[in-house]
Structure formats: C-alpha cells, structure tokens
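Here is a short report on one protein chain. It is meant to be read with the coordinates open.

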Amino acid sequence: MQRIRKGDSVVVLAGKDKGRTGEVIQVMPKQDRALVRGINVVKRHQRQTQSEQAGIISKEAPVHLSNLAVADTDGKPTRVGFRVNEDGTKVRVAKRSGDVING
C-alpha cells in the first residue's frame with residue numbers, strides 16, 4: 001500500500017515550491033515520483049499538431065516522493081502510518097493527529 005496516493009492533499013517539503021500545497025494528479029511508483037497540481041510548473045515549447053496549437057505551454061513536472069508529505073486536517077505535513085481496522089481492512093493513518101486518511 002502506498003503512502004501517497006492520487007487525490008491526496010500534499011505539502012512540499014523541499015525545492016522551489018517549499019511550503020506550498022497541492023493535489024496529487026498522478027503517482028509513478030517505479031520512479032518514486034508524483035505529479036502535483038500547481039507545483040513544479042515548467043514551461044515547454046510545443047510543436048503544432050492536429051489537436052494542439054504551437055507555443056510555449058506550462059505543465060507540471062514530477063516531484064520526488066521524498067519531498068512530499070501528506071497534509072493533515074490542519075494543513076500541516078504529517079507522516080503516514082498503517083493500521084488494521086476491526087473489519088480487517090488496512091488503512092492509512094496520520095501520525096500527527098491519529099486520524100484515518102481518506103483516499
């Protein structure tokens with residue numbers, strides 16, 4: 001089970017966007033990276049295709065998972081632990097508050 005999943009609200013711990021929060025768009029477990037909406041935005045030159053116009057576009061670049069932390073209910077970064085519920089399901093738990101992380 002992954003600690004950071006698609007749809008999680010995360011806080012950036014290091015880099016040019018340190019302290020900012022965003023939602024995880026995609027997780028790439030083999031590369032240990034994630035795409036976060038509005039974080040690590042880079043400009044790329046786009047060649048014209050049938051579907052897209054030519055020009056300079058802004059898009060998110062992947063961020064290493066070690067530079068991200070799940071945001072707790074108060075918006076501060078927390079570590080993620082795991083716990084088995086009474087019904088036998090494994091759930092993610094915020095170490096800071098002890099709350100179950102939805103997702």
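The text covers the sheet, the hairpin, the nonpolar core, the salt bridges and one loop contact. The model is a predicted one.

**Sheet**

Six strands make up an open sheet. Their order is β6-β3-β2-β1-β7-β8, and the pairing is antiparallel. The edges are taken by β6 (63-64) and β8 (77-78). Each of these two has a single partner strand, so one side of each has no neighbour in the sheet.

At one end of the order, β7 (residues 68-71) pairs with β8. Two bridges hold this antiparallel pair. In one of the pairings, A71 has P77 of β8 as its bridge partner.

**Hairpin**

Strands β9 (residues 80-84) and β10 (residues 90-94) run antiparallel and are joined by five bridges. Together they form a hairpin, with five residues between the strands. Within that turn, G88 has a positive phi of about 90 degrees. V84 faces K90 of β10.

**Nonpolar core**

The largest nonpolar core counts 14 residues. I4, V10, V24 and L68 have the most contacts inside it. Two or more residues each come from β1 (9-12), β2 (21-28), β3 (33-36) and β7. As a general background, nonpolar side chains in soluble globular proteins tend to be buried together.

What does I4 contact, beyond its neighbours within four places in sequence? The list is V10, V24, V27, L65, L68, V70 and R92. One name on that list, R92, also takes part in a salt bridge.

**Salt bridges**

The whole structure holds four salt bridges. Three of them are tabulated here, with the closest N to O distance for each.

| Pair | N to O distance |
|---|---|
| R92 and D8 | 2.8 Å |
| D17 and R20 | 3.1 Å |
| D74 and R96 | 2.8 Å |

Take R92 and D8, joined by a salt bridge. The pair links distant parts of the chain, 84 residues apart. R92 is in strand β10, whereas D8 is in the segment before β1. Are these two residues buried or exposed? Both R92 and D8 are buried. For R92 the relative accessible area is 2%. Buried means under 20%, so R92 falls in that class. The R92 side chain has a further polar partner: it reaches the backbone oxygen of R3 at 2.8 Å. R92 is thus listed with D8 in a salt bridge, with the R3 backbone oxygen, and with I4 in contact.

Next come D17 and R20, which also form a salt bridge. D17 is buried, at 11% relative accessible area. R20 is partly exposed, at 42%.

The third pair is D74 with R96, whose side chains meet in a salt bridge. D74 lies in the loop between β7 and β8, and R96 in the segment after β10, so the pair ties together parts 22 residues apart in sequence. Both ends are open to solvent-probe contact to some degree: D74 is partly exposed at 46%, and R96 is partly exposed at 42%.

**The loop contact of N40 and P62**

N40 sits in the loop between β3 and β4 (41-46). P62 sits in the loop between β5 (55-60) and β6. Which atom of P62 does the N40 side chain reach? The target is the backbone oxygen of P62, at 3.2 Å.

N40 is buried, with a relative accessible area of 19%. The cut-off for buried is under 20%, so N40 qualifies. P62 is partly exposed, at 33%.

Residues up to four places away in sequence are left out of both contact lists that follow. N40 touches K16, D17, K59, E60, A61, P62 and V63. D17, named there, is the salt-bridge partner of R20. P62 touches M28, R33, A34, L35 and N40.

One separation puts this loop in relation to the hairpin. P62 and V84 are 22 residues apart in sequence, and their C-alpha atoms are 31 Å apart in space.

Technical notes
Residues are numbered from 1 along each chain as its sequence is written. This is a predicted model: local features need pLDDT of at least 70, side-chain atom pairs count only at pLDDT 80 or more; totals for chains, interfaces and linings use all residues. Side-chain values use heavy atoms; hydrogens and water are left out. Two strands pair if DSSP finds at least two bridges between them. Helices (H or I, at least four residues) and strands (E, at least two) are DSSP runs, numbered from the N terminus. A nonpolar core is a set of buried Ala, Val, Leu, Ile, Met, Phe, Trp, Tyr and Cys residues joined through side-chain atoms within 4.5 Å. Buried means under 20% relative accessible area, exposed over 50%, partly exposed in between (1.4 Å probe, protein chains only). Contact means heavy atoms within 4.5 Å. A polar contact is a pair of N or O atoms within 3.5 Å; within protein, one must be able to donate a hydrogen and the other to accept it, and residues adjacent in sequence count only if both atoms are side-chain atoms.
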